Amino acid sequence: MTATDRIEELKNAALAAVRAADTTAALEELRVRYLGRSAELTEIKKSIGKLSQEERKGVGRSANLASREIEGALAARTDALAAAEREARLRKEAVDATLPGVPFPRGHLHPSQRIIDEVVDFFVGLGYGVAEGPEAETDYYNFTALGIPPGHPARTMQDTFFLDEGLVLRTHTSPVQVRTMLSQEPPVYVVCPGRTYRRDSDPTHTPMFHQIEGLAVDRGLTLGHLKGTLAAMARHVFGEDVNVRLRPSYFQFTEPSVELDVSCFRCGGSDAHCKVCKGAGWLEMLGAGMVDPDVLEEAGYDSEEYTGFAFGMGPDRMAMAKYGIPDLRLFFEGDLRFLRQF
Amino acid sequence: MRVPLSWLREYLDFDLGVERLVELFTLHSQEIDGVYRLGVAEGEVVVGEVVEFGPHPNADRLSVAKVDLGGREVQIVAGAPNPYPGARVPVVLPGSVMADGTKLKKAKLRGLESYGMMMSERELGISADHGGILLLDGSYEVGQPVAEHFPVGETVIDIDVTPNRPDLWGMIGVARELAAILQTDFRIPEPSFETGGEPTSDFGLRVEAEDLCPRYDLRRVSGLTPGGEAPLWMRRRVHAAGMRPINAVVDATNYAMLETGQPIHAFDAEKVREGIVVRRGRAGEKITLLDGSTRSLDDEMLVIADEERGLVIAGVMGAEDAEVGPGTTDALIEVATFAGQNILRTSQRLGLRTDASGRFERGLDPNTVDYAMERVAGLLSGVAGGRVADDTLGHYPEPVRSWRVPLRLSRARLLLGMPVEAEEAARRLASLGCEVGGEGEELSAVVPTFRRDLRREADLIEEVGRLIGLDKIPEALPGARQPGGLTPEQRNTRLVRRVLADLGLSEAITYPFGPGRWTRDLRMDGDGEPGVVRVENPLSAEGRDLRPTVLPGLLDAAARNRTFGARGGGLFEVGRVFAPSPPPKGLDEAALHFRMTGKVEALGPDAEPNRLSLMGVREEARVCVVLAGTVRPGGWNVPELRAGYFEAKGMVERLLPGASFEAGAAPDFLHPGRSAVVWAGNERAGWVGELHPEVSEKFGLDGWPVAAFELEAGLCRPDPEPRFRPFVNVPAAPRDLAVVVKESVPAGGMIAAVEGLGSEMLVEVRVFDVYEGSQVPEGYKSVALGFLFQGEETLTDEEVDVEMERIVVRLGEEFGARVRS
Ligand SMILES: [Zn+2]
């Protein structure tokens, strides 16, 4: 048998074996057997040097061709088997995709705080600063500085918690505005969110509640600026479609004083049985007004040169309206069944 | 202020549905608290004459009547026994709708047909009397509508009058207001009466407490018909306005008060000895009031007395002694104004608020007294047959006069942000009773004395604005002239809240006041503790103390959640805590002065006490977290997260990277072996730990693991300012080391010691395992440390070995650590 014949024989055997192999491991074995260092074909290649010039060329070529053919077959078969095996493995790795994922639980921000954050962000965008002050406040800042001296009837309207002599739990966040005005020259643009306290407890009043008050003092500020600012704020919190209206009112530190109603964001006034507005079509949202000239003067501002507006709102009540919460007392019980809804 | 619309129509004509009226008042004047209906809302009430009246055959308590309605006779079942044959009664016909919305139908009552209903005073809205059927006199013609004599139905609007508008506490003021809104006229009743009664001057009048009584007028009405009831029209109005009809004299004074807003008092002249004295209360003086209570007076209380005894606590309530009663024929009528603040003080002292005190405490206009006196005199002569004295005794030493307020239209336009014409502004102010003068752009208004709230230009501008309509004001935005923003502290606090929420916790907001047990149960009531700030007038003992830590409120909440079936959870709160902070020695007076006036008195040429030191309360913002029970339930492939020291500590490390923890020094309410004080550098930032089991039990959390921490909000740094550090692209070399040390050796100390070596190559040290058990001797533990070394160039094993050797030596020297083989 000539070397060339032997090569042909080996090649055919190898190709048949490759075709018959059914694992990548078996193919690897075949590679070693037919193409490895001690494979017969390799031996033949190594011994080519011993052959005659004439034979060398023919044997060399067929050996190389055979090697290449076997390699090709091995590669093709390996690819096919590998793909099948990978597929089988992936099939085996399949999970129940409907099982829940690893939990990354969401925590919850308090509903009042959500409103406060929204409102504060709105005003920050308009160029307002944010001021805070003590909750245990002096009699002076809580009352007298706001035009409510001792003996004034308005003092009885705000059932006050008294601490040590001359100290109260602040009944509103207005003292923060006073403190701001005393420490700052116009223009002033500031909002003051915080906790406030009144001696009151029933389904619609809790002894603690939140207020956000705001103050703008500048040249040329008008009731129209107040209206525009608060209307934009209402739309920011309750949606683009709400309307606002002003009603005359009375507050100690503003003149003119107004209250701002927001059209019902749920029904727009079209539902006589609406749970949000109780059929009124309007929600009382906040009290506001142009800062009383006496208050400006008390702060050392020239009330002829500067005008200003002030407003105060109750983020707890806004949250009740926005999220449909029926009872204010729920806000302060730390009940997870409540908190986890926000 | 309850305003019956039929009464309001006496002063002005308006053709408005009640809904529109309410809307107009709401948008231009005052809020409306409610709309009430009385009597018959819809349908017909006719005069009937009882023909037969007898017991109902099938019911003990019912009667049955045959009633002539003018040409036809009907059968009516009645509940009241007072009608009799020949009596005239109001009969409401079937199909009518009552004020409460019920529709009357022909009905069978216990087997007998009943056509309509005979009506009581209450059913007609005349009074609260439901004792029997209203019997009408002969002037009511059978078969004719009762409405020809008085309205059988009434609509009442309840105005929520703001405290600056006492003028709206009278019908006349309301009429003026509505006329101003509608730009129409209104009329005031012209009092008329006959004089010639017994002279007032038989009595004296002496006002001793002039400072508390700007005006006092007294006039006598004699010859009154004793025991008389006021006529139906008057009782009806008094009732609809929310007062109780009593007798003709009292009803007439109340009627005049409802009309003018001015309280009026009537004394029985026969019981007044010598004269009226307006004076302060005397030490030890007592007075027994109409409500039967006996009150002690003080010298700040104003008393209306005669020469012998107190008759009335001025502006608040009268005594039994000299009140008008059923037998009164001779009355002294008082119309006066008192100092509002003094009335407020008295009514607060006595805990007694009456309709009159509520009016006086706002400060009434003394000039209203004249008309009110005329009006009540006219009413008394009209409804009680009285003759009015020719003379009035008066005390009014300093008459209040109108004042002038200038109004610049430019200012009005500026404040209102809308165009305002001079003519319109003048017209609006005139409709409120102002006399408007001035020219062009500069107006001025002479303000009537009943509008004490109109003192300044801004006050007038408000009136003009609201009457024109606030809806006319266009929306505008001020141009921002400055950047806004949160302060760094505020940004930080907000981030703390977001981070805690992202860690799966829920934000709570709890009351800062709680019961005394809070500090006791937290073992914070010991001698060395700073104590708590007290609320002087808590709603209950449950809210007496201001919290020295946020913890107890959150623990109560956790316990409450447990009660309602929660398996645990994580709560956080960012809020203030309070501690007493008495002013420095000798500055108590200065502190009180500061708290009351905002002023600080200098201590010397350049020494001023620190304002904060005078506040008396130190207030700090804290972040508190309570983890209780199962903080996070497990899943099919993840274990549950239970409350524990390390869970809490991990959160502290998240909020305050680089914090150090000092074991054994935490507050007494924590587990002594599972707690630490948290330090941010040199500053004490707070504490972290598991709750002491005894404290757990006190708060109803026994059996649950509870861990908590509280930090100064201002010291938290959840997102520290980043700072770039260069790095080299050379692989780092990790090494592990397990050492055996005594159980008591703190792992934190070992890490600190390793870091203390100052190795330039060591970039990370961590503990990745702690083991106690059979593999190590009793009383010892194995601590596995992982290190990461990094050099400028790839480190050789030998270089790292040198570093590792230094570490082993240091741990051996300092902690007796042996390398575990
Ligand atoms: Zn609605």
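Okay, let's start at the N-terminal end of chain A: helix 1 and helix 2, the latter being residues 24-35, have axes that come within 10 Å and cross at roughly 170°. With the angle over 145 degrees, that makes helix 1 of chain A roughly antiparallel to helix 2 of chain A. And before I go on, this is a predicted model, so please keep that in mind throughout.

Who makes the contact? From helix 1 of chain A you've got Leu10(A), Ala13(A), Ala14(A), Ala17(A) and Val18(A), and from helix 2 of chain A, Leu27(A), Leu30(A) and Tyr34(A). Sort those by class and you get eight nonpolar residues, no polar ones and no charged ones.

Now stay on helix 1, residues 3-20 of chain A, and look at helix 4, residues 53-93 of chain A: their axes also come within 10 Å, but here they cross at roughly 0°. That's under 35 degrees, so helix 1 of chain A runs roughly parallel to helix 4 of chain A. On the helix 1 side the contact is made by Ala3(A), Thr4(A), Ile7(A), Lys11(A), Ala14(A), Leu15(A), Val18(A) and Arg19(A). On the helix 4 side, the residues include Val59(A), Ala66(A), Glu69(A), Ile70(A), Leu74(A) and Arg77(A). The class count for this one is 11 nonpolar, two polar and four charged residues. You may have spotted Ala14(A) and Val18(A) in the helix 4 contact; both are also in the list for helix 2.

Right, on to the two chains. How much area do chain A and chain B bury between them? About 8,200 Å², with 57% of it on carbon and sulfur atoms. The contact takes 103 residues from chain A and 95 residues from chain B.

What about charges? Side chains of opposite charge can pair when their charged atoms come close. Over all chains, the count is 89 salt bridges, and across the interface of chain A and chain B the rule finds 14. Two examples to click on. One is Glu304(A) with Arg408(B), whose side chains meet at 2.8 Å, N to O. In that pair, Glu304(A) sits in the loop between helix 10 (293-298) and strand 9 (307-313) of chain A, while Arg408(B) is in strand 24, residues 403-408, of chain B. The other is Arg247(A) with Glu31(B), a salt bridge at 3.5 Å, again N to O.

Beyond salt bridges, there are 41 residue pairs in polar contact across the interface of chain A and chain B, both residues at pLDDT 80 or more. Which element of chain A gives the most to the side that touches chain B? That's helix 9, residues 223-238, with eight residues. By class, the side of chain A that touches chain B has 46 nonpolar, 28 polar and 29 charged residues.

Last bit: backbone oddities. Pro186(A) and Pro187(A) are joined by a cis peptide bond, with omega at about 0°. Pro187(A) is in the loop between helix 8 (174-183) and strand 4 (188-197) of chain A. A cis peptide bond also joins Glu255(A) and Pro256(A), omega about -5°, and Pro256(A) lies in strand 7, residues 254-263, of chain A.

Over in chain B, have a look at Arg110(B): its phi is near 50°, a positive value in a residue other than glycine. You'll find Arg110(B) in the loop between strand 8 (107-109) and strand 9 (112-114) of chain B. Okay, that's my tour.

Note on methods:
Residues are numbered from 1 along each chain as its sequence is written. Chains are lettered from A and ligands numbered from 1 in the order in which they are written. This is a predicted model: local features need pLDDT of at least 70, side-chain atom pairs count only at pLDDT 80 or more; totals for chains, interfaces and linings use all residues. Side-chain values use heavy atoms; hydrogens and water are left out. Axes are lines fitted to C-alpha atoms, for helices over the stretch in contact, and angles run from 0 to 180 degrees between N-to-C directions. Helices (H or I, at least four residues) and strands (E, at least two) are DSSP runs, numbered from the N terminus. Angles under 35 degrees count as roughly parallel, over 145 as roughly antiparallel, 65 to 115 as roughly perpendicular and the rest as oblique. Contact means heavy atoms within 4.5 Å. Ala, Val, Leu, Ile, Met, Phe, Trp, Tyr, Cys and Pro count as nonpolar, Asp, Glu, Lys and Arg as charged, and the others, Gly among them, as polar. Buried area is the accessible area (1.4 Å probe) that two parts lose on being put together, summed over both. A salt bridge is a side-chain nitrogen of Lys or Arg within 4 Å of a carboxyl oxygen of Asp or Glu. A polar contact is a pair of N or O atoms within 3.5 Å; within protein, one must be able to donate a hydrogen and the other to accept it, and residues adjacent in sequence count only if both atoms are side-chain atoms.
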